[in-house]
Amino acid sequence: MIRDTSVGAKLWITAIWVVVGFFVLNLLAMIATVLLSSFSTRWLGTWLPVGLTTKWYGTAWREFQLAQVLIVTFQIVFTVVVLSGVLGVTAAYAMARREFWGKRVLMLLFLLPLLVPPITYGIPLATVLYQSGTGGTFWGVVLANLVPTVPFVILVMIPFIEQIDPKVEAAARVFGAGTFRLFIHVLLPMLIPGILASLLLVLVRTVAMFELTFLTAGPSSQTLVVALYYSVFASGVRAVQSIDAMAVIYMVTTLVWLLLALRFVNPTQIVGRARTAPAPQS
Amino acid sequence: MSALVEHDYSRISLQQRLARRGFDGVTLLALPAVVFLLAVFVYPFIYGLALSFMPKAGGFFANYQTFFSDPYLYNTIATTLWLALPVTLISIAMALPIAFRVRLMRRQRLLTTILVLPVTLGTVLVAQGLLNYLGPQGWFSRTLLLFHIIDAPLKLTNNYWGVFASLIITGFPFTFLLTLSYVSGIDPALEQAAATHGANSWQRFRFVFWPLLVPGLAIAFCLSFVQAYAVFPSAILLGAPAGPTRVISIAAYQAAFEQYDYSMASAIAMIMAAVQLVIVVAILGLRNLFYRGSTAGGKG
């Protein structure tokens, strides 16, 4: 490491850390506001709330029918995770192992849903889904959410599969394993770390995916983040604390999976794509 | 018998010919995902494009004529750009120097974990948090009042600045984490070589890092811009969706789900995609004027 010890350099470094500190401070204060507000009896025009209570969690749970919303959320998210795993891993295997005509076009097809923002393709997609009758249903939401997650799994898994020696597969073939048995007994065990990492990221992204769910969800297929949006949108009807309690419940459901995901992946991978794909854990 | 054998030969040779081009059972594994994306991503897009030329009333281009003749509609492009471009530029300008410091840290994990929070929590939660935090009675205004920086609480919600703040809170970490992955991808040996030859820190940045970083930064810029451009929930919750923060996604949403004019909504979505494409292509075009190649050190 090169050390620059001039006064200007020190000032510059200090300025950078001040900016980082300011950002992190505001971010944490914002989260703390929501957390504190959800536990407060009354908080108007003072630094801290008058008193603390947990009653808003009960209120929010009943008023927003959170039990129902949470069940739907997890049903949708787990269906999306399983289906994107099946579709994504098989396609990633083909992309990693074969060179074929049109591969670059396919790669573009897999990249586009990640580059185009959800709201842009979500509106034509919602139109098609509503006209085919799946809009507003459970499967409509699942289909819409699969659009960015399948390519995501493919792009994360390709480098993972590429680093497995093809000789291992060739050996299994020599001993008479078919494609299916090869997959189950040889590839799957070696790919588990990568599959786990990519599916956890899919899980985190789907819990937080607002736009696609919002555009395609009906009253009975709302996920937590959409329910939260509607309650913030209609704020004034309910107490702020009640909305904040719901926000905290949402935060907890997201962060539990995030913390779990961070045991397997690097934070930069949550925004990154193929380029920053995981270094395989071997 | 001989016909059967012949038939068999031709089948095998077709299979072999395909296999030589890389098509065999393994390649077919990609088929389900491809079919799925064609049906749920490509088809709706083409359908939307076709639908946009079939307006409820008027000729072929009626939707586009309506859009570009109604200031309430065409102004949304400028409104969106006026939010997305400053946010992206500020995020990149902040992310670059910070990434340069953080790359030298040994324990980056804590900082990157904190920064990944707003990206994971999403815009709806950030909007609700900022409504509390930046509101007239929130801690932000209170702190500024305490230090006598301002005399009256700042109005930071339900206007441009609320949306701006929410875009920075979710956009900056995204840009930063992308930039960090590019910056740490550059071999430190290059910098050491430059330092050995007497380059000061500015020269090392300007003549060693900058040319290597431009391609990555262009990608980071495009991805961050596209995200900010698609701002939707926070523009409604935290902004003034009828006026200063009526962004293009709100116009598209209202056309589809309030006026039930799917044709117009598709037209707005296509215009939205086209504007993004123009900016992304422009940025990537600029990138091609710079060096592209290996960021690794070594001979060669």
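Colleague: In this predicted model, what is the handedness of the crossing of helix 4 of chain A and helix 3 of chain B?

Modeller: The crossing of helix 4 of chain A and helix 3 of chain B is left-handed. The axes of helix 4 (residues 103-115) of chain A and helix 3 (residues 31-52) of chain B come within 11 Å and cross at roughly 50 degrees.

Colleague: Why is helix 4 of chain A called oblique to helix 3 of chain B?

Modeller: Angles under 35 degrees count as roughly parallel, and those from 65 to 115 as roughly perpendicular. The angle here is roughly 50 degrees, which belongs to neither class, and therefore helix 4 of chain A is oblique to helix 3 of chain B.

Colleague: Which residues meet there, and what makes the contact of these two helices nonpolar?

Modeller: From helix 4 of chain A come A:Leu106, A:Leu109 and A:Pro113, which meet B:Val34, B:Leu37 and B:Phe41 in helix 3 of chain B. Because Leu, Pro, Val and Phe count as nonpolar, the residues of this contact divide into six nonpolar, no polar and no charged.

Colleague: How many residues of chain B are in contact with chain A, and which helix of chain B gives the largest share?

Modeller: In chain B, 76 residues are in contact with 75 residues of chain A, and helix 6 (residues 109-133) of chain B supplies the largest share of that side, 19 residues. By class, the side of chain B that touches chain A has 52 nonpolar, 20 polar and four charged residues.

Note on methods: Residues are numbered from 1 along each chain as its sequence is written. Chains are lettered from A and ligands numbered from 1 in the order in which they are written. This is a predicted model: local features need pLDDT of at least 70, side-chain atom pairs count only at pLDDT 80 or more; totals for chains, interfaces and linings use all residues. Two residues are in contact if their C-beta atoms, placed from the backbone, lie within 7 Å. Helices (H or I, at least four residues) and strands (E, at least two) are DSSP runs, numbered from the N terminus. Axes are lines fitted to C-alpha atoms, for helices over the stretch in contact, and angles run from 0 to 180 degrees between N-to-C directions. Angles under 35 degrees count as roughly parallel, over 145 as roughly antiparallel, 65 to 115 as roughly perpendicular and the rest as oblique. A crossing is left-handed if the near helix is turned anticlockwise from the far one by less than a right angle, and right-handed if clockwise.
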